[in-house]
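Visitor: Hi, I'm new to this one and would like to be walked through it. Could you put it up on the screen for us?

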4 protein chains.
Amino acid sequence: MIIIMKPTASNSELNTVVQTVRDLGFDVHLSSGEARTIVGILGDTQRLSRSRFEVMPGVEQALRVSQPFKVASREFQATDTVFDVRGVKIGGEQIVVMAGPCSVESRSQILEAAHAVKEAGAHILRGGAYKPRTSPYSFQGLGEEGLKLLAEAREQTGLPIITEVLGAAEVPLVAEYADILQIGARNMQNYRLLQAVGKIDTPVFLKRGMSSTLQDLLMAAEYILASGNYNVILCERGIRTFTRYTRNTFDINAIPALKQLSHLPVIADPSHGTGKWEMVAPIAKASLIAGADGLMIEVHPHPAQAWSDGAQSLKPERFAELMDELRALAPLAHRTL
Amino acid sequence: MIIIMKPTASNSELNTVVQTVRDLGFDVHLSSGEARTIVGILGDTQRLSRSRFEVMPGVEQALRVSQPFKVASREFQATDTVFDVRGVKIGGEQIVVMAGPCSVESRSQILEAAHAVKEAGAHILRGGAYKPRTSPYSFQGLGEEGLKLLAEAREQTGLPIITEVLGAAEVPLVAEYADILQIGARNMQNYRLLQAVGKIDTPVFLKRGMSSTLQDLLMAAEYILASGNYNVILCERGIRTFTRYTRNTFDINAIPALKQLSHLPVIADPSHGTGKWEMVAPIAKASLIAGADGLMIEVHPHPAQAWSDGAQSLKPERFAELMDELRALAPLAHRTL
Amino acid sequence: MIIIMKPTASNSELNTVVQTVRDLGFDVHLSSGEARTIVGILGDTQRLSRSRFEVMPGVEQALRVSQPFKVASREFQATDTVFDVRGVKIGGEQIVVMAGPCSVESRSQILEAAHAVKEAGAHILRGGAYKPRTSPYSFQGLGEEGLKLLAEAREQTGLPIITEVLGAAEVPLVAEYADILQIGARNMQNYRLLQAVGKIDTPVFLKRGMSSTLQDLLMAAEYILASGNYNVILCERGIRTFTRYTRNTFDINAIPALKQLSHLPVIADPSHGTGKWEMVAPIAKASLIAGADGLMIEVHPHPAQAWSDGAQSLKPERFAELMDELRALAPLAHRTL
Amino acid sequence: MIIIMKPTASNSELNTVVQTVRDLGFDVHLSSGEARTIVGILGDTQRLSRSRFEVMPGVEQALRVSQPFKVASREFQATDTVFDVRGVKIGGEQIVVMAGPCSVESRSQILEAAHAVKEAGAHILRGGAYKPRTSPYSFQGLGEEGLKLLAEAREQTGLPIITEVLGAAEVPLVAEYADILQIGARNMQNYRLLQAVGKIDTPVFLKRGMSSTLQDLLMAAEYILASGNYNVILCERGIRTFTRYTRNTFDINAIPALKQLSHLPVIADPSHGTGKWEMVAPIAKASLIAGADGLMIEVHPHPAQAWSDGAQSLKPERFAELMDELRALAPLAHRTL
């Protein structure tokens, strides 16, 4: 259940409502917009009556939220969530482009990539220091050394950095360097990790699991939100189906659907969504026009030598062309780039 | 195997090649472009040597085609297939929009729909007279009466008509009325139907089966092509996956992939691909920008009263708005509308 | 809606009920068990009131059937459907084994196979004369010549024969030879074919489509039942999923589920369900113990030379061993073999 | 690559081989059978030549392992892995049955369940103290209190206990109580957790992810094995597909397939595999006959009051009946129970 306060409600009226909810044994989440405040009641509220709250001073309306996710839902917050990462607005009018290599491989590689994507107009630099690899015998990332190289690239280019965190124990270390923490598809329901990133302020980039429904994804986001971190970005990166020509099936329906169900920013990852570099541009453009708030694109200075995901990485020249195409397209989606 | 003739090859040189292939026990398909002719050899050509043909006068090159589909492949024909349906070019520079109700329900309904989509700028009128329904107890379509109403709508509006054919026995009757024959997703591997429409000239609109791979779809097209009808249109209409929020998962990857693999026109059906009218516009626009040659969109004058698929049908006003949006978008896909 | 007559109801009371239903514009299906008769009302009965019938003499109860399939449902008929094919009971206490090659390839091949499976204890001979092949360039079956060879094999061994029919137009010809008509997975929603086999008496073996739910399968069966042919056998043969190690994912859950939802016999096809001969025996035995009424198993005298499906065919010796294992297992499923 | 030593190889010959591998920069895993020792070389061995090792004294053969999983593969170890958990042999001749409630809810509930499953003949007690719930607002388990109750149940009944661990940080605490650590489907690719349980000796029960292929599952097991813990049990618990009648699609093919690909014990979980208590018995029996080394079955003294998974839990009486049926079946799978 959520309680919508009147625009004229006083602080003390709000506090009385919050205290009442807590006295009934429930936790509370507050969402304060410019005009009014919304009180989310967490827990099983089936036995609560709405009228109990609607008679209280300052309360406009009490609503049962029909979705199992609450704080993540449009019913909880009608306006888009927008937040700022070192000056880059996520979820706002501007399309946000995150680009860079799959893995940080070396100082020269990440710096070359960072300057190239910066020049082409990307807003955020991506790069993996801890890699979730299917095989224990594959390259597992440079670890903290990789984080340091990312930080150096940030210093040189001014681009905020996003990088993956694999376990709850590493959250403090990775958060020391990263501007956005990425949670990969395989960890989407790693609840200890979701709770750990929920307890800090660093924005979280949550990738949809390979076989997760939209509700599963929003419930995973809800774990982070319910732990107190409201800066969550949802990412569609393709699902696993019977198809074989592409690495995954990019679920473009998820973009308008998630925007409808939730106020959280939605980013598309056409690199993983297709697995083929020559399909990245059409799917990137399609995602933008379908309503995505941004794109994550793998760019590698020398894809043929990439230690991972070379087949789906763009060369810097091709990425720059794509940025030009996206810039032309943005106004038709009523966005800027 | 395919044999590419020189631009300077004479008719008699071509005939000699064709006769040689036939003498070896194979069937032949000819594709004559403006510059040169390509000879497709049908059957298992593994035991044929390429050099046998490359020494013949007029032959430029003999190529083994690596895909199991041949006539449908880009290797067989590098340039896009373009054909004309009562003055509407399919597969060419212009985006083709097919619109209309799921089922023909009555004279007034189909005429109202036809005029509405014509006015909004659609090129072809769709409407089902024979309906493939999951339940034997559901409305099965008006049958020939529906075909006659479609023909009347064509007469009034000048729009060519596309309608579904359910069985081989009905092909002659439906082809008497229809300008394009639709084969539904459930019939994509109904080989007797594919062979039947392959033996006539009427263009065929082949919808991808709910669990068919791109190769399955192209092999189904190959059945029609190999039977002699080259006017085949491929349609992506969503696949069946574990997702539940939308009726199907629209596989947008299929659009650039099919354009890469095949020379046949590719049309997107966002109505079935989403099952929700409010998602039709974003997916329609995404499909256009991803490279689709056209769109099929369900439009009903009064969706709430539709006998089938009302939830995914646009009202005429909403369709007209979408057409405006598509017109603005087309130049960015290097197309016209 | 279904109307359950009292055990004491007279014929004339039954006739009055049937006539009333028809006068209201509905079709009727009668199911007469030993104790009582059940009247199925076909069509959309939402506007019919149950009490209208419950006041009539001889009527015990009128029930709304909650499933969209009616005649196929356990609610319509509580006892298992059992029928006889040339002396072989399908759906009864005895497990029925249908075995033979994927395709009829030659006289010697089908006769050798027929004698081998007969000797091992199979009850019915399978073999394809018309083959649904993904590629138009693959072997399409021997056609009527294949049917004649099957008939000769039946004459020599006494085994009834089952063979696939691909299109409505071929139903009369194939039914002239076959004791059971098979409808393949790709044709499960070929409604014209379902209607055609529904109009004759020959039993129909209906394979589940690659991406069909249990409800889809039962609705397809309903098309046949509603056309008047009650001798329908359901077949689970594996569904298409993301898995790659096996050709299909054999959905063993479907066996107890279909037995629960429907009174129709359920047969398992572990050959297609796995695509690997070495997995046929464990899945065959698992199916028996899970409640299948029978098995369909591909057996080829020389799998390495098979023109189709060799990888999933058992050699006669291995099949005979499997039959021994099944015979030992049958009593534990309260069946005979 | 794996190196197979001669039965007559001396310890010093073995040591020389191991040292050589390490000098080349690779890690080593040793598997010592009764007759001979096998040396597994971990890492990318493509640049290693087999002959380098085959010339060394005591070496019989060096083999490239074609599967990406090594230590988990049948090529690495031909004989079944068998290990002992407080006197219960896992992977041996005896079918192992793990049973108990989804969650530990209270002292009386877990003790009642423990005595009931013990009496019916189960070998191991299951119960969740830390629950991976889709919603952050659902019951998350009793935590360490639950572990203590499980330990008390073990003390009273003598049954070893298996319980889930959700994060790497909790491994030491859970391992203090549990005899087997369960890793749930959602955590199958939580590599930090896999590595953490790989570093201790407690056996690990690894559930297949909802959309993981058999190779994915074996690669996840490989993470544990490569970290040094060889006591890994694989569990098939159903995959996510388009089907809707059952909670998951139980992939029975996986049982013979995993036994073929790997030497690790394979346990079936028909409770999650179906989601319906009335389907647990047929799928349990089918799994046994298909080759499973054991079963995990949810049993709750009062399913209607269960806090989680009540719909798929058996009552103790029904479980006891199932045990009788399994006992009768075991000899036909050449097993005991």
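**Confidence and conventions**

Guide: In this predicted model, chain A has a mean pLDDT of 93, and 99% of its residues reach 70 or more, where pLDDT is the predictor's confidence in each residue, from 0 to 100. Because the model is predicted, local features need pLDDT of at least 70 and side-chain atom pairs count only at pLDDT 80 or more, while totals for chains, interfaces and linings use all residues. Residues are numbered from 1 along each chain as its sequence is written, and chains are lettered from A and ligands numbered from 1 in the order in which they are written.

Visitor: And what are the ipTM and pTM scores?

Guide: The model scores 0.88 for ipTM and 0.90 for pTM.

Visitor: OK, let's look at chains A and B. How many residues does each give to the contact?

Guide: Chain A brings 29 residues to this contact and chain B brings 29 residues, with two residues taken to be in contact if their C-beta atoms, placed from the backbone, lie within 7 Å.

Visitor: Which helix of chain A gives the most there?

Guide: The most comes from α10(A), with seven residues of the side of chain A that touches chain B, and α8 (254-261), α10 and α11 of chain A each supply at least two residues of that side. Helices (H or I, at least four residues) and strands (E, at least two) are DSSP runs, numbered from the N terminus.

Visitor: What kinds of residues are on that side of chain A?

Guide: The side of chain A that touches chain B divides into 17 nonpolar, nine polar and three charged residues. In this scheme Ala, Val, Leu, Ile, Met, Phe, Trp, Tyr, Cys and Pro count as nonpolar, Asp, Glu, Lys and Arg as charged, and the others, Gly among them, as polar.

Visitor: What turn lays chain A on chain B?

Guide: A turn of 180° with a shift of 0.0 Å along the axis lays chain A on chain B with an RMSD of 0.1 Å, and the two copies are thus related as by a two-fold rotation axis. Copies are superposed by least squares on the C-alpha atoms of residues with pLDDT of at least 70 in both. Of the residues of chain A, Ala286(A) comes closest to this rotation axis, with its C-alpha at 2.1 Å.

Visitor: Why do you say these copies meet through the same surface?

Guide: That is because 100% of the interface residues of chain A are also interface residues in chain B.

Visitor: Switching to chain D, how many residues of chain A are in contact with it?

Guide: Here 27 residues of chain A are in contact with 27 residues of chain D. On the side of chain A that touches chain D, α6 (191-198) and α7 (214-226) of chain A each supply at least two residues, and the largest share, five residues, comes from α7(A). By class, that side has 13 nonpolar, eight polar and six charged residues.

Visitor: What rotation superposes chain A on chain D?

Guide: Chain A is superposed on chain D, with RMSD 0.2 Å, by a rotation of 180° with 0.0 Å of shift along its axis. Of the residues of chain A, Ser211(A) comes closest to that rotation axis, at 2.8 Å (C-alpha), and the same surface serves both copies, since 100% of the contact residues of chain A recur in chain D.

Visitor: Now inside chain A: at what angle do α10 and α11 pack?

Guide: Helix α10 (residues 277-290) and helix α11 (residues 316-329) of chain A pack at about 25°, with their axes 10 Å apart. Axes are lines fitted to C-alpha atoms, for helices over the stretch in contact, and angles run from 0 to 180 degrees between N-to-C directions. α10(A) and α11(A) are therefore roughly parallel to each other, a label for angles under 35 degrees, while those over 145 count as roughly antiparallel, 65 to 115 as roughly perpendicular and the rest as oblique.

Visitor: Which residues meet there?

Guide: From α10(A), Ala281(A), Ala284(A), Lys285(A), Leu288(A) and Ile289(A) meet Leu322(A), Glu325(A), Leu326(A) and Leu329(A) of α11(A). The contact of α10(A) with α11(A) has seven nonpolar, no polar and two charged residues.
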